[in-house]
Amino acid sequence: MSTPKIYVAVVGVGLVGSEFINQLLSIPPATSPFHLISLTSSTRALFSHTSPITSSSSWKADLAASADRPDLSKLTKELAALVSPSQKVALIDNTSSEDVAALYPVWLGSGINVITPNKKAFSGDLALYQSIIAASSKSGARFLNEATVGAGLPVVGTLKDLVATGDKIVKIEGVFSGTMSYIFNEFSTGAADGPAFSSVVRIAREKGYTEPHPADDLNGFDVARKLTILARTVTHSSPLPALQSFAAVQTASLIPPELEGTPTGDAFVDGLPTFDGRFAQMRADASKEGQVLRFVGVVDVKNGQVRAGLEKYPVTHPFATSLGGSDNIIMFHTERYGARPLIVQGAGAGAAVTAMGVLGDLLKLV
Ligand SMILES: NC(=O)C1=CN([C@@H]2O[C@H](COP(=O)(O)OP(=O)(O)OC[C@H]3O[C@@H](n4cnc5c(N)ncnc54)[C@H](OP(=O)(O)O)[C@@H]3O)[C@@H](O)[C@H]2O)C=CC1
Ligand SMILES: N[C@@H](CC=O)C(=O)O
Ligand code: NA
């Protein structure tokens, strides 16, 4: 008897969610190990496990035409009823919602596997993270979150493998934000002048690199969340204390105080040009010293420190010479790798590479 196809439910159909659905549906149905049975946006829902969604050209219109409103507790019951020893079910959270993240223990406890690029659950309150781990180990359902750090780049999986095989992590450092990478690769090249800061932020947003609210990138919280996810992954094998939340990371925000609390991303980006002069001055100062600006993060396991901020690097440093676009670069300094760290580098944001990371995780359930 052949294994039944895995039922897949998607919550969140924005940039990453839409691309994920299209990548999933591009696997030929005859060979696909998945049945896409449910879609939930912030306003509409579709559930159809007897007649799965197969068309990448019509799912958006079908969802928009649905009379059903989103109801995650109903969805939970419907999915839990499908779980059996021979039937796997996966919920893909493609939102950045804390409310959705808070449901992971319930889903995992019901045997529903959770796959997500959403950082909130793994970098927020330690109690939520611990209840996710407990629910997963009790039911055997898996949570997979490769795309939470470095988008599709193999960062979380690499770290898990290093830890599981007994290597000792000394330090993880690098450029962890696709948005910050793009901004500073374009803005600070070593020259004394260049494009306006606000204009590169606007382009990063148009390219789909930023969080739904770009202030969540510029305040350093997105990097702090990624560092928390990595720090928690190494904690059980190191002297680094488990971070209570990403808020415990030493983070230097780039948000002008006057723009703190700006409610919408549009208003935030519209308000930035007023402060272009401040950023231009920082670029000119770095340039005078033969340096560039880069926003970096460090999980210093040996010294028990986790921090993120804007730093200056010589124009000859790899952070200045080898990064382009939304590139992330992550260096794992470990006992086994010695003086030459294991390095992962490549695009660290954008819908296509992030959705690939999510789909890659889903394929691990097969
Ligand atoms: N973009 C990127 O490069 C990367 C993104 N990520 C992560 O991927 C996730 C998605 O990002 P992205 O696609 O760019 O963001 P988007 O804002 O484009 O998409 C998020 C979607 O989630 C929807 N949503 C919010 N709350 C709910 C809810 N309760 N139920 C159903 N849908 C909901 C939003 O709807 P509405 O707009 O109507 O509120 C929106 O369509 C985020 O967690 C982000 O951090 C990770 C790595 C890289
Ligand atoms: N906004 C994030 C998206 C990926 O996590 C980034 O810019 O890195
Ligand atoms: Na990744």
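**Exercise 1. The surroundings of E211**

Task: Leaving aside the neighbours of E211 within four places in sequence, find the residues with which E211 is in contact, then settle whether E211 is buried or exposed.

Solution. Step 1: in this predicted model, E211 is in contact with S96, D216, D217 and D222, once its neighbours within four places in sequence are set aside. Step 2: the place of E211 in the chain is the loop between α10 (197-206) and α11 (215-218). Step 3: a residue is called buried if 20 or more other C-beta atoms lie within 10 Å of its own, and E211 is therefore buried, since 20 other C-beta atoms lie within that 10 Å. Step 4: an unreviewed UniProt entry lists E211 under "binding site", and in the model E211 is one of the residues that surround ligand 2.

**Exercise 2. The shell around ligand 2**

Task: List the residues that surround ligand 2, sort the shell by class, and examine the backbone of A151.

Solution. Step 1: ligand 2 is surrounded by A151, S177, G178, T179, Y209, T210, E211, D217, D222, G348 and A349. Step 2: sorted by class, this shell around ligand 2 holds 3 nonpolar, 5 polar and 3 charged residues. Step 3: D217 and D222, which belong to the shell, are also among the contacts of E211 when its neighbours within four places in sequence are left aside. Step 4: A151 lies in the loop between β6 and α8 (156-164), and its phi is near 50 degrees, which is a positive value in a residue other than glycine. As background, most residues other than glycine have a negative phi. Step 5: A151 is buried, because 27 other C-beta atoms lie within 10 Å.

**Exercise 3. The shell around ligand 1**

Task: Establish which residues come nearest to ligand 1 and which helices each supply at least two residues of its shell.

Solution. Step 1: 31 residues lie around ligand 1, and of these G12, G14, V16, S42 and S96 come nearest. Step 2: the helices α1 (15-25), α4 (98-101) and α16 (351-363) each supply at least two residues of this shell, and the largest share, 3 residues, comes from α1. Step 3: by class, the shell around ligand 1 has 13 nonpolar, 15 polar and 3 charged residues. Step 4: in the UniProt record, an unreviewed entry, the feature "binding site" is placed at G12, V13, G14, L15, V16 and G17.

**Exercise 4. V16, G17 and the packing of α1**

Task: Decide whether V16 is buried or exposed, do likewise for G17, and find what covers the buried residues of α1.

Solution. Step 1: V16 lies in helix α1, and V16 counts as buried because 28 C-beta neighbours fall inside 10 Å. Step 2: G17 also lies in helix α1, and G17 counts as buried because 24 C-beta neighbours fall inside 10 Å. Step 3: not counting residues up to four places away in sequence, V16 touches N94, P117, A351, T354 and A355, whereas G17, on that basis, touches V10, G12 and N94. Step 4: along the helix, the buried residues of α1 are V16, G17, E19, F20, I21 and L24, and what covers them includes β1 (6-11), β2 (34-40), α2 (59-65), β4 (89-93) and α16.

**Exercise 5. Helix α16**

Task: Compare the reach of α16 with its expected span, and determine how many of its residues are buried.

Solution. Step 1: α16 has 13 residues and reaches 18 Å from its first C-alpha to its last, which is close to the 18 Å expected at 1.5 Å a residue. Step 2: the helix is mostly covered, with 10 of its 13 residues buried, among them A351, T354 and A355. Step 3: the cover over the buried residues of α16 includes β1, α1, β4, β5 (113-115), β6 (143-144) and β12 (342-347).

**Exercise 6. The largest nonpolar core**

Task: Identify the residues of the largest nonpolar core that touch the most other members.

Solution. Step 1: this core has 109 residues, and V8, I92 and L227 touch the most other members. Step 2: helix α12 (residues 221-235) contributes the largest share of the core, 8 residues. Step 3: with its neighbours within four places in sequence left aside, V8 is in contact with L24, F34, H35, L36, I37, A90, I92 and L362.

Note on methods
Residues numbered from 1 in each chain as written. Chains lettered and ligands numbered in written order. Predicted model: local features only at pLDDT ≥ 70, side-chain atom pairs only at ≥ 80, totals over all residues. Near = placed C-beta within 6 Å. Nonpolar A, V, L, I, M, F, W, Y, C, P; charged D, E, K, R; others polar. UniProt positions renumbered as here; feature names shortened; annotations may be inferred. Helix = DSSP H or I, 4+ residues; strand = E, 2+ residues; numbered from the N terminus. Buried ≥ 20, exposed ≤ 12 C-beta atoms within 10 Å, placed from the backbone. Contact = placed C-beta atoms within 7 Å. Expected span 1.5 Å × (residues − 1). Core = buried A, V, L, I, M, F, W, Y, C linked by C-beta atoms within 7 Å.
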